[in-house]
Amino acid sequence: MSLQIPHRDKPNGVGGATKAVILVGGASRGTRFRPLSLDVPKPLFDVAGHPIIWHCLTAIDKVPSIQEVYLIGYYDESVFRDFIKDAASEFPNLSIKYLREYQALGTAGGLYHFRDAILKGRPERIFVLNSDVCCSFPLNEMLKLFQDKDAEAVILGTRVSEDAASNFGCIVSDAHTRRVLHYVEKPESHISNLINCGVYLFSTEAIFPSIRTAIKRRADRPSRLVSYRSSENLESSFMVDDDDDDENRKNEVIRLEQDILGDMADSKQFFVYETKDFWRQIKTAGSAIPANALYLQKAWQNDSPELATPSINIIPPVYIHPSATVHPTAKLGPNVSIGPRVTIGAGARVKESIVLEDSEIKHDACVLYSIIGWNSRVGAWARVEGTPTPVGSHHTSIIKNGVKVQAITILGKECGVGDEIRVQNCVCLPFKELKRDVANEVIM
Amino acid sequence: MKALILVGGFGTRLRPLTLTMPKPLVEFGNKRMILHQIEALAAAGVTDIVLAVNYRPEIMEKYLAEYEEQFGVNITISIETEPLGTAGPLKLAEKTLRKDDSPFFVLNSDVTCEYPFAELLAFHKSHGDEGTIVVTKVEEPSKYGVIVHKPNHPTRIDRFVEKPVEFVGNRINAGIYLLNTSVLDRIELRPTSIEQETFPEMVKRGQLHSFDLEGYWMDVGQPKDFLTGTCLYLSSLTKKNSPELTPVTQPFVHGGNVLIDPSAKIGKNCRIGPNVTIGPDVVVGDGVRLQRCVLLSGSKVKDHAWVKSTIVGWNSTVGRWARLENVTVLGDDVTIGDEIYVNGGSILPHKTIKTNVDVPAIIM
């Protein structure tokens with residue numbers, strides 16, 4: 001008798017297992033997702049009715065050769081326990097484990113730290129997904145390119161406007177062969193408008209030696225500066241304090257974007273799969289609104305049975321949790337997610353918004369381009385409103401009267417908006433009662 | 001008895017409403033401004049009314065003919081070919097005003113109050129001098145011209161003090177006068193001011209008295225004051241238990257002072273008031289919240305909209321879940337889209353608004 005794990009069918013004669021890693025970060029990161037991340041870890045925030053990382057798992061589940069998924073991050077062990085339990089029943093073909101970093105190791109450092117677990121069973125390839133992106137995750141297409149090119153690495157890329165490009169990792173590729181010729185994280189000048197989507201497929205034989213080389217180079221370098229690819233990186237790079245030199249050597253903060261991808265472009269069989277489909281970062285809390293819209297639209301195109309049936313008062317796509325109560329005269333949509341046990345009163349209007357669990361929207365209230373935090377209340381005839389950002393924009397702030405304000409209005413947990421009160425372009429921290437009209441403010 | 005109403009020019013201060021309707025015909029408390037005055041004058045025994053204007057709106061004549069018949073008065077329009085100020089128009093209309101020896105009333109058309117013409121006439125007769133100015137008491141007299149009485153005389157005017165720095169009194173000219181025909185002898189046919197030329201001269205001769213106005217007073221020549229004046233007018237109707245007001249027992253009436261034309265339609269689950277006037281043929285949808293606002297005839301406020309401190313012009317439409325506030329004025333036939341927010345917008349006639357007006361602005 002052999003100890004053979006039952007393998008699923010492998011199309012295209014693909015041999016060898018593939019694993020997936022989702023990089024989830026930790027509580028001390030993701031501050032830009034406040035005030036929502038004050039109450040829920042960003043990867044578990046509900047967008048289009050499901051946690052952000054659930055959307056990653058859905059894509060991973062569609063790759064037949066993947067059976068094992070690791071969430072790597074430095075949140076407390078307990079944080080993902082319930083999610084993993086639920087996901088196990090929803091994705092029976094996947095084994096999902098959380099690997100906790102004892103400290104932030106960087107995106108590559110975390111991978112390397114857990115190399116033994118990842119390499120167990122000798123997988124040929126690993127997908128690495130950043131949990132803070134929203135996209136259609138065309139993993140099977142990436143895999144096909146990987147095989148066609150006999151690649152060592154494939155990166156998912158997308159085209160953005162020229163002025164937006166330098167906020168991201170920029171890829172220079174050979175238009176014909178799709179080979180990555182050059183990679184720079186957040187360049188100062190314009191290099192390319194093809195950017196890194198934060199989704200990778202690596203050959204295990206290539207990625208771990210690459211990280212090891214980077215660690216070795218780090219250890220050999222006497223410099224106080226860990227990496228310096230641009231002035232942007234100067235600020236964000238890991239500065240080594242004289243006092244903590246040894247400490248930081250041990251820290252092994254190695255990031256894929258800054259420390260690995262550039263070298264891979266020089267020395268490895270590194271290709272880019274360019275997606276024409278949607279892609280957004282989920283960085284600020286406001287970016288949950290475009291992500292919600294894009295995932296709902298995807299579900300709508302796929303005829304997802306989860307979505308509410310369109311009617312005169314339901315403009316698709318709309319997700320309503322089965323336990324929510326929506327008055328028949330309330331008008332919802334497009335791009336609205338209504339969470340568990342939410343109550344929407346008579347004649348209320350909700351558009352381009354997320355209403356989180358246990359919240360109440362009273363009669364005749366109007367909620368536009370906003371996120372209503374858990375257990376919040378919006379009074380009768382109140383108006384909670386954000387401002388739509390231009391289609392294709394990767395920003396979540398806008399300039400109003402010469403001042404930068406949040407485009408999306410966000411109410412944190414257990415906030416209250418009084419009857420007839422107007423809240424416009426505000427971010428409201430948890431447990432606040434709004435009794436007067438407010439606009440363009442952060443309410444502490 | 002005779003009266004002259006100083007209408008003046010195009011009423012630019014009340015735009016955008018006056019772009020399509022002459023100011024005297026704009027409805028105030030569901031009644032055209034001029035009609036309030038004609039009605040009160042007729043009740044005081046006035047038979048001849050002169051409207052002093054410096055333009056000739058065709059549409060006025062139709063309404064004036066109607067009012068002539070309704071109240072049994074003669075209404076003539078006196079047109080200035082050049083602006084004659086506040087006194088010149090009296091001279092121009094001398095023929096009518098001298099029709100008999102009785103004194104004549106002079107009214108600024110922008111002023112709203114309870115028009116106590118009978119009491120004014122009785123007072124005027126009692127003092128026997130040439131003129132009486134109606135005065136109202138204000139909280140901040142430093143913004144106005146203040147009237148000072150002769151020492152030891154309760155009504156005879158001693159002098160006018162323009163924008164006093166120190167307190168000299170709080171009675172100001174309310175823009176309503178009763179004058180003997182002899183005053184016309186002292187007015188020349190040229191641009192001239194009754195306040196700055198005619199009255200000071202009468203004061204010198206001790207011929208001018210003041211008459212204290214009871215109740216509210218407001219110059220409603222601009223939108224903000226038009227709304228405030230409407231509140232004052234509705235409050236006075238409430239005080240008088242006017243049967244015109246919608247009873248507070250109606251479930252949708254909130255806080256009283258609500259005046260709804262019988263032809264208007266009100267939807268379910270609305271909350272209306274305080275201080276709302278709803279004109280003829282207005283349609284208010286379901287779940288609408290209205291307060292401190294004026295809906296002019298033929299306008300429509302759709303379901304779940306929220307309207308405060310706003311004048312909705314004739315035949316205009318306010319979309320579902322729209323929110324209008326902060327002295328927003330919609331001209332004739334304006335459309336505000338669904339879910340749109342307008343903060344202090346002045347919207348010119350026939351415009352359709354599809355994006356928010358976040359800060360006060362004139363939308364051409």
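**Strands and a pocket in chain B**

User: Which element gives the largest share of the lining of the second largest pocket?

Analyst: The largest share, 5 residues, comes from β11(B). This is a predicted model, in which local features need pLDDT of at least 70, side-chain atom pairs count only at pLDDT 80 or more, and totals for chains, interfaces and linings use all residues. Residues are numbered from 1 along each chain as its sequence is written, chains are lettered from A and ligands numbered from 1 in the order in which they are written, and side-chain values use heavy atoms, with hydrogens and water left out.

User: What makes a residue part of the lining of a pocket?

Analyst: On a 1 Å grid over the protein atoms alone, a pocket is an open set of points where a 1.4 Å probe fits, with protein on both sides within 12 Å along at least five of seven lines; lining residues have an atom within 4 Å of a point. The second largest pocket is lined by 50 residues, and Tyr144(B), Ile172(B), Asn173(B), Trp217(B) and Asp219(B) lie nearest its centre. Elements that give two or more residues to this lining include β1, β9, β11 and α6 (194–204) of chain B.

User: What volume does the second largest pocket have?

Analyst: About 1400 Å³ of space lies in the second largest pocket.

User: Why is strand β9 of chain B called mostly covered?

Analyst: Buried means under 20% relative accessible area (1.4 Å probe, protein chains only). In β9(B), residues 145–149, 5 of 5 residues are buried; the strand is therefore mostly covered by this definition. Gly145(B), Ile147(B) and His149(B) lie on one side and Val146(B) and Val148(B) on the other.

User: How do you know that β6(B) pairs with β11(B)?

Analyst: Strands are DSSP runs (E, at least two residues), numbered from the N terminus, and two strands pair if DSSP finds at least two bridges between them. β6(B) and β11(B), residues 171–179, have 4 bridges in the antiparallel sense, so the definition is met. Val106(B) stands opposite Tyr177(B) in β11(B). On the parallel side, 5 bridges join β1(B), residues 2–8, to β6(B), with Leu6(B) opposite Asn108(B).

User: Why do β15 and β28 of chain B stand at the edges of their sheet?

Analyst: The open sheet of 6 strands has the order β15-β18-β20-β22-β25-β28 (chain B), with parallel pairing. β15 (265–266) and β28 (352–353) each have a single partner strand, so one side of each is left without a neighbour in the sheet. For β15(B), 2 bridges lead to β18(B), residues 283–284, and Lys265(B) stands opposite Val283(B).

Conventions. Buried means under 20% relative accessible area, exposed over 50%, partly exposed in between (1.4 Å probe, protein chains only). Grid points are joined across faces, edges and corners, and a volume is the space filled by probe spheres set on the points.
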